[in-house]
Amino acid sequence: MTAVAIVTPRYPPVSSGGGEQSTKLLSTQLLTQERIDSVTVFAFDGTETTVQNDVTVQRLGRVSPFVTELQNLSVARKLRGRLAEFDVIHAYNMELHPVVGYLSTREGVPSVGTLNSYQFFPSSVTNTSADGLEWLYERIGLPTTGHLMRLSMMQMDAFIALSEAIRNIYTNNGFDADRIEHIPNMIDPDFSVPEGGVAEGIQLLYVGSLTENKGVRYLIEAVSLLSDQYRLRIVGDGDRMDDLRALAERCGVADRTTFSGQIPYEQVGQAYADADVFVHPGIWPEPLNRTMFEAMQAGLPVVCTDIGGPPEVIQDKELLCTPGDPEALAAAIKRVEKNSADIGERNKKQVFDNYAPSVVAPQIVDLYEQLLA
């Protein structure tokens with residue numbers, strides 16, 4: 001039997017995105033495996049110790065994420081001596097991967113790190129750009145202390161890449177391909193979708209943050225190229241919210257575009273239920289998008305840009321399109337009309353066949369056992 005320690009910056013109910021939900025799924029679903037004896041989560045977003053669904057969650061104080069190097073130093077002091085009793089350490093959500101690499105080597109415990117972002121790479125690796133303090137850090141921090149962070153991170157014994165796309169990017173940037181295993185996210189078996197409402201026209205849905213690399217501006221521009229029967233609901237928040245509202249006005253689709261802001265996870269199911277088509281318009285190589293899984297669980301057709309991990313889960317390749325191209329996005333959306341019900345049913349079957357916890361969790365445990373052997 002195996003005792004697993006999961007190290008993560010935040011753990012639900014504290015959350016800043018889908019990564020925390022994925023961490024919770026990992027911890028709870030590991031306990032459904034006969035080969036796992038116990039799971040303990042170490043988080044740094046509070047001070048209490050609780051037991052949630054048989055998972056012990058130890059919150060070891062709040063640590064500021066503003067300077068990642070200082071964050072890792074602080075966590076090293078808090079974690080030192082606590083990990084030696086476990087058989088495997090699993091780091092999730094990237095920020096603390098360097099300290100886990102360092103401590104796992106120091107304390108002789110095998111470690112695994114899930115690669116679900118590009119935290120320690122320059123923005124050029126993902127065809128994006130940095131500004132402000134991020135730009136300054138890339139010029140000064142990444143070549144110096146950032147280099148030391150990557151070296152510490154590389155001390156982990158194995159990595160899990162959520163998609164082949166992120167595996168290739170890490171391999172092309174100095175990480176050992178033989179130590180990176182492609183194991184995708186798992187769907188949330190408790191995610192429920194209620195009955196949908198009856199809406200006029202065709203309801204398009206986007207769920208996610210409103211940042212430049214998410215490509216929502218191109219989705220709004222695509223809606224302006226579609227007939228008036230198409231309406232768009234945007235669920236999420238971010239630093240581009242005001243710009244996107246202004247863009248909808250300029251494009252003449254403000255009356256067909258609803259900005260719902262960020263809503264509780266428990267209420268997101270209704271947004272999928274009320275939608276006809278889910279659109280992922282990203283313009284960067286996103287590792288893998290949890291909202292796409294949720295849309296597919298809801299039986300929705302998914303239109304997706306052909307970049308990063310998301311297109312790897314799309315069976316209907318005619319629904320993929322060039323990133324940053326509103327005309328291509330609009331054309332792909334229109335292609336859904338012909339057989340949307342069939343596409344939605346295929347999507348639903350695919351996620352339950354390939355990404356259910358009963359399929360994904362054993363792959364993770366197999367990796368643990370390879371390290372222990």
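Let me start with valine 67, which at 32% relative accessibility counts as partly exposed, and which sits in the loop between strand S4 (55-59) and helix H2. I should say at once that this is a predicted model, and that what follows should be heard with that in mind.

Valine 67 belongs to a nonpolar patch on the surface, formed together with Phe66, Leu70, Leu73, Leu133, Trp135, Leu136 and Ile140, and the accessible area of these residues together is about 840 Å². Which helices each supply at least two residues of the patch? They are helix H2, residues 68-79, and helix H4, residues 132-140, and the largest share, 4 residues, comes from H4.

Let me turn now to the backbone. As general background, most residues other than glycine have a negative phi, and most peptide bonds are trans. In this model, proline 12 and proline 13 are joined by a cis peptide bond, with omega at about 15°, and proline 13 has its place in the loop between strand S1 (2-7) and helix H1 (18-30). Asparagine 93, although not a glycine, has a positive phi of about 80°; this residue is found in the loop between strand S5 (88-91) and helix H3 (97-107), where asparagine 93 is buried, with a relative accessible area of 9%. Asparagine 127 likewise is not a glycine and has a positive phi, here of about 60°, and asparagine 127 is found in the loop between strand S6 (111-115) and H4. Is asparagine 127 buried or exposed? With a relative accessible area of 65%, asparagine 127 is exposed.

Next, the helix packing. Helix H7, residues 216-223, and helix H8, residues 241-250, pack with their axes 10 Å apart and at an angle of about 15°, which makes H7 roughly parallel to H8, and the crossing of the two is right-handed. Within H7 we find valine 216, which counts as buried at 2% relative accessibility. The C-alpha atoms of valine 216 and histidine 280 are 8.4 Å apart in space, although the two residues are 64 apart in sequence.

That leaves the charged side chains. Speaking generally, side chains of opposite charge can pair when their charged atoms come close, and the count for this model comes to 14 salt bridges. In one of them, aspartate 366 meets arginine 35 at 2.7 Å, N to O; because aspartate 366 lies in helix H13 (residues 357-372) and arginine 35 in the loop between H1 and strand S2 (36-43), the pair ties together parts that are 331 residues apart in sequence. Aspartate 366 is partly exposed, with a relative accessible area of 35%, and arginine 35 is partly exposed too, at 27%.

Another salt bridge brings together the side chains of lysine 214 and glutamate 286, at 2.8 Å, N to O. Lysine 214 lies in the loop between strand S9 (202-207) and H7, and glutamate 286 in the loop between strand S12 (277-280) and helix H10 (290-297), so this pair ties together parts that are 72 residues apart in sequence. Lysine 214 counts as buried at 11% relative accessibility, and glutamate 286 is buried at 8%.

Finally, aspartate 239 forms a salt bridge with arginine 240, and their closest N and O atoms are 3.7 Å apart. Aspartate 239 counts as exposed at 56% relative accessibility, whereas arginine 240, at 26%, counts as partly exposed. Salt bridges that share partners also join Arg10, Glu20 and Glu95 into one network.

Conventions:
Residues are numbered from 1 along each chain as its sequence is written. This is a predicted model: local features need pLDDT of at least 70, side-chain atom pairs count only at pLDDT 80 or more; totals for chains, interfaces and linings use all residues. Side-chain values use heavy atoms; hydrogens and water are left out. Patches are made of residues with over 30% relative accessible area and no salt bridge: like charges are joined within 9 Å, nonpolar side chains (Val, Leu, Ile, Met, Phe, Trp, Tyr) within 5 Å. Accessible areas come from the Shrake-Rupley method with a 1.4 Å probe; for residues, only the protein chains shown count as cover. A salt bridge is a side-chain nitrogen of Lys or Arg within 4 Å of a carboxyl oxygen of Asp or Glu. Buried means under 20% relative accessible area, exposed over 50%, partly exposed in between (1.4 Å probe, protein chains only). Axes are lines fitted to C-alpha atoms, for helices over the stretch in contact, and angles run from 0 to 180 degrees between N-to-C directions. Angles under 35 degrees count as roughly parallel, over 145 as roughly antiparallel, 65 to 115 as roughly perpendicular and the rest as oblique. A crossing is left-handed if the near helix is turned anticlockwise from the far one by less than a right angle, and right-handed if clockwise.
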